[in-house]
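Let's walk through this one together, starting with the cysteines and then moving on to the core and a pocket. Have the structure open as you read.

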Amino acid sequence: NTPGECCEACLKHTPARQGAHKCNVWVWCGIRESCGSQHRECWLKHLVHPHATKPAREGPEVGWTSGIVGADAEERARDDQETATKKVRKFHILTTAQGELVHWQTRVHYYWYLKQKAECDKSPTCEMGGFTRLLHSGQPDDLMDEVPTFVAQPLPESVVPHEYYPVLNRPYALLQWVQQTKVPEEYVMMSEPDHIFLRPLPNFMKRDDRPAAFPFFYIEPHRVRANLQGGGGWDG
């Protein structure tokens with residue numbers, strides 16, 4: 001009947017089957033006019049990265065109340081306590097691109113970077129730094145004057161055919177950028193043209209020796225051991 005009871009239910013939740021996830025996010029609907037038939041319903045959920053998810057709507061007119069419990073919540077509380085004393089760790093945003101096929105995405109991506117960077121700069125603890133498009137086609141293009149760009153050479157044909165998967169050029173392009181340029185920021189965030197900045201971003205690293213990353217199911221090197229060893233096919 002209350003958000004406190006919903007939170008308690010999440011804390012005490014036991015998965016119905018072995019291997020299922022425990023509750024770490026709860027939502028409770030407390031405004032009859034907003035919730036309708038879902039008034040006073042309590043929903044228990046599990047999110048892999050609860051702090052990477054923002055509520056769909058916020059404000060006094062929203063009927064739903066939500067919260068996070070468990071180890072993630074405790075870690076978030078420690079992070080909040082450390083925020084006041086931590087140093088500002090500026091990071092440079094590096095966005096990789098192959099060419100004109102992603103021009104429209106790059107324009108939208110850069111627009112939202114500029115918008116959130118301006119908002120971030122209003123705070124003395126802003127950590128968003130500069131921006132570079134890492135173009136690994138080897139040739140300048142018509143976005144050079146519109147978006148800060150570094151032109152990198154693709155992998156040699158002797159390594160991989162150029163008509164093959166262009167994403168393979170990214171690590172080599174990053175190596176060239178690191179070797180040939182210097183930026184004032186001490187940290188780098190790798191991004192892509194189809195990413196949208198919805199709010200100013202902090203430096204997500206917990207500590208200076210712990211890089212942060214988002215897991216992509218199709219980029220898991222441990223599943224392609226045969227490829228890493230010179231063979232082919234998936235392992236697992």
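## Counting the disulfides

Going by sulfur atoms within 2.5 Å, the tally here is four disulfides. Keep in mind that this is a predicted model. If you number the bonded cysteines of the protein chain in sequence order, they pair up as 1-6, 2-3, 4-5 and 7-8.

## Two bridges from helix α1

Start with Cys6 and Cys42, which are bonded with their sulfur atoms 2.0 Å apart. Cys6 sits in helix α1 (residues 3-11) and Cys42 in strand β2, so this bridge ties together parts that are 36 residues apart in sequence. The S-S torsion is about 80 degrees, so the disulfide of Cys6 and Cys42 is right-handed. What about the surroundings of the two ends? Cys6 has 2% relative accessibility and counts as buried, while Cys42, at 32%, counts as partly exposed.

Helix α1 also holds Cys10, which is joined to Cys23 by a disulfide, S to S 1.9 Å. Cys23 is in the loop between α1 and β1, so this pair links parts that are 13 residues apart in sequence. For Cys10 and Cys23 the torsion about the S-S bond is about -100 degrees, so the bridge is left-handed. Both of these cysteines, Cys10 and Cys23, are buried.

## A cysteine that stays out of it

Why is Cys7 not bonded to Cys10? The sulfur of Cys10 is the closest cysteine sulfur to that of Cys7, but at 6.8 Å it is too far for a bond. Cys7 has 22% relative accessibility, so it counts as partly exposed.

## The bridge at Cys120

Further along the chain, Cys120 and Cys126 are joined by a disulfide, S to S 2.0 Å. The torsion about their S-S bond is about 115 degrees, so this one is right-handed. Each end is tucked away: Cys120 counts as buried at 6% relative accessibility, and Cys126 counts as buried at 3%.

## The largest nonpolar core

Nonpolar side chains tend to be buried together in soluble globular proteins. Here, the largest nonpolar core has 14 residues, and Phe91, Ile93, Tyr113 and Met128 have the most contacts inside it. At least two residues of this core come from each of β4 (91-97), α4 (103-120), β5 (128-135) and β7 (187-191). The top contributor is α4, with three residues.

Met128 is a good place to zoom in. Leaving aside residues up to four places away in sequence, Met128 touches Lys90, Phe91, Ile93, Tyr113, Gln116, Lys117, Cys120, Pro200 and Leu201. Three of the core's best-connected residues, Phe91, Ile93 and Tyr113, are on that list of Met128 contacts. Cys120 is on the list too, and Cys120 is one end of the bridge to Cys126.

## The second largest pocket

Now for an open space: the second largest pocket has a volume of about 530 Å³. It is lined by 19 residues, and the closest to its centre are Val27, Lys54, Pro55, Ala56 and Ser66.

Which strand gives the most to the lining of this pocket? The answer is β3, with five residues. At least two lining residues come from each of β1 (25-29), β2 (42-45) and β3 (64-68). Strand β2 is also where Cys42 lies. Sorted by class, the lining of the second largest pocket has ten nonpolar, five polar and four charged residues.

Terms used. Residues numbered from 1 in each chain as written. Predicted model: local features only at pLDDT ≥ 70, side-chain atom pairs only at ≥ 80, totals over all residues. Heavy atoms only, no water. 1 Å grid on protein atoms, 1.4 Å probe; cavity = no way out; pocket = protein on both sides within 12 Å on 5 of 7 lines; lining within 4 Å. Points joined across faces, edges and corners; volume = space filled by probe spheres on them. Helix = DSSP H or I, 4+ residues; strand = E, 2+ residues; numbered from the N terminus. Nonpolar A, V, L, I, M, F, W, Y, C, P; charged D, E, K, R; others polar. Core = buried A, V, L, I, M, F, W, Y, C linked by side-chain atoms within 4.5 Å. Buried < 20%, exposed > 50% of the residue type's maximum accessible area, 1.4 Å probe, protein only. Contact = heavy atoms within 4.5 Å.
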